[in-house]
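Thanks for coming. I have one model to go through this morning, and I will keep to what can be read from its coordinates. Please have the structure open while I talk.

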Amino acid sequence: MVGIKLVMIVVILAGIFSGSVVGQSVGNMVTPGFFNRILNQAGSGCKGKTFYKRSAFLKAADSFPKFGHASSTTKSKREIAAFFAHVTRETGHFCYIREIQGGTYCQPSRENPCAPGKKYYGRGPLQITWNYNYGPCGRAIRVNLLRNPDLAATDAIISFKTALWFWMKRVHSVITSDGGFGRTIRRINGGECDGGNPRAVRERVKYYKQYCSQLGVSPGPNLSC
């Protein structure tokens, strides 16, 4: 017993000094206070204010065990801050569930055929768009989003899953490898970079720095794209 306890102590101390996430969970970082500070800034008439819920986010996050679990506490918290910075910008503090000006967004595809009458405009926390995203996303989370893309705007858990699927596919490796927040902007909406929309870039960076501060971690280098 003494030997087992000694090993456990060594493992815990090693984790503390290496900065790894020992006993840390996404729920511990995304507290009700953290989530609600974002949500409460949405206007009273915003549909997203009653749609987006912390419980739905945490349930969706359970399907993506690598999200928020990087090699260190610092990297994990930066990923959480980055994710919610982009979500805040894309949804207006959880105000919008659907893209304001929604088009069809259908690119002819044998692998991801568009269903008759369906539109694949932005929906959810990261506004997933186009049939070539809805198709593989739906297969990954085991929901037919090509046939019923509006599930991403009517089921909060599925909605968060679409955002986390896109994040893990396109952004996770950038922010957890110290690529900097600026590179995540390029992955989310590269058209804003290089003078495309400097105001939007500034807002994303502002939110990221705010959330890093709330989580008690430095924002790191390469903040802008």
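I'll start with a pair of helices: α6 passes α11 in a right-handed crossing. On the α6 side the contact is made by A82, A85, H86 and E90, and on the α11 side by F181, T184, I185 and I188. The two helices pack at an angle of about 45°, and their axes are 11 Å apart. An angle of that value makes α6 oblique to α11.

Before going further, a caution: this is a predicted model. For the overall picture, the chain has 12 helices and zero strands. Of its 225 residues, 47% are buried. If you take contacts between residues at least 6 apart in sequence, 65% of them join residues at least 24 apart.

Back to α11, which also packs against α12. Here helix α11, residues 181-189, and helix α12, residues 198-215, meet at an angle of about 130°, with axes 11 Å apart. That angle makes α11 oblique to α12. This crossing is right-handed. The residues in contact are F181, I185, I188 and N189 from α11, with V201, R204, V205 and Y208 from α12.

Now α12 itself. How far apart should the ends of its 18 residues be, at 1.5 Å a residue? The expected span is 26 Å, and the end C-alpha atoms are 26 Å apart, so the model agrees with the expectation. The buried residues of α12 are A200, V201, E203, R204, V205, Y207, Y208, Y211, C212 and L215. Among the elements covering them are α2, α3, α6, α10 and α11. Just after the helix, G216 takes a positive phi of about 75°.

One residue of α12 deserves a closer look, and that is R204. Is R204 buried or exposed? Its relative accessibility is 1%, and the cut-off for buried is under 20%, so R204 counts as buried.

What does the side chain of R204 make polar contacts with? One partner is the side chain of H86, at 3.1 Å. Another is the side chain of E90, at 2.6 Å. R204 and H86 are 118 residues apart in sequence, yet their C-alpha atoms are 6.2 Å apart in space. H86 and E90 are also among the α6 residues that contact α11. Leaving out residues up to four places away in sequence, R204 touches A85, H86, R89, E90, F181, I185, I188, N189 and E192.

Next, helix α9, residues 156-170. At 1.5 Å a residue, its 15 residues should span 21 Å, and the end C-alpha atoms are 21 Å apart, which agrees. At the N-terminal end there is a cap from D155: a side-chain oxygen lies 3.0 Å from the backbone nitrogen of I157.

Why call α9 largely enclosed by the rest of the structure? Because 11 of its 15 residues are buried. Those are A156, I158, S159, F160, K161, T162, A163, L164, W165, F166 and W167. Note that K161 is on that buried list.

Now some residues outside the helices. N112 is in the loop between α6 and α7. Although N112 sits in a loop, it is buried, with a relative accessible area of 6%. With residues up to four places away in sequence left out, N112 touches N131, Y132, G135, P136, R139 and L146.

Two more residues have backbone angles to check. R142 has a positive phi of about 65° although it is not a glycine. R142 lies in the loop between α7 and α8, and at 78% relative accessibility it counts as exposed. N222 is likewise not a glycine and has a positive phi, of about 50°. N222 is in the segment after α12, and its 49% relative accessibility makes it partly exposed.

To sum up: R204 of α12 makes side-chain polar contacts with H86 and E90. α11 packs obliquely against α12, and α6 is oblique to α11. As for α9, it is largely enclosed, since 11 of its 15 residues are buried.

Conventions: Residues are numbered from 1 along each chain as its sequence is written. This is a predicted model: local features need pLDDT of at least 70, side-chain atom pairs count only at pLDDT 80 or more; totals for chains, interfaces and linings use all residues. Side-chain values use heavy atoms; hydrogens and water are left out. Helices (H or I, at least four residues) and strands (E, at least two) are DSSP runs, numbered from the N terminus. The expected span of a helix is 1.5 Å times one less than its number of residues. Buried means under 20% relative accessible area, exposed over 50%, partly exposed in between (1.4 Å probe, protein chains only). A polar contact is a pair of N or O atoms within 3.5 Å; within protein, one must be able to donate a hydrogen and the other to accept it, and residues adjacent in sequence count only if both atoms are side-chain atoms. Axes are lines fitted to C-alpha atoms, for helices over the stretch in contact, and angles run from 0 to 180 degrees between N-to-C directions. Angles under 35 degrees count as roughly parallel, over 145 as roughly antiparallel, 65 to 115 as roughly perpendicular and the rest as oblique. A crossing is left-handed if the near helix is turned anticlockwise from the far one by less than a right angle, and right-handed if clockwise. Contact means heavy atoms within 4.5 Å.
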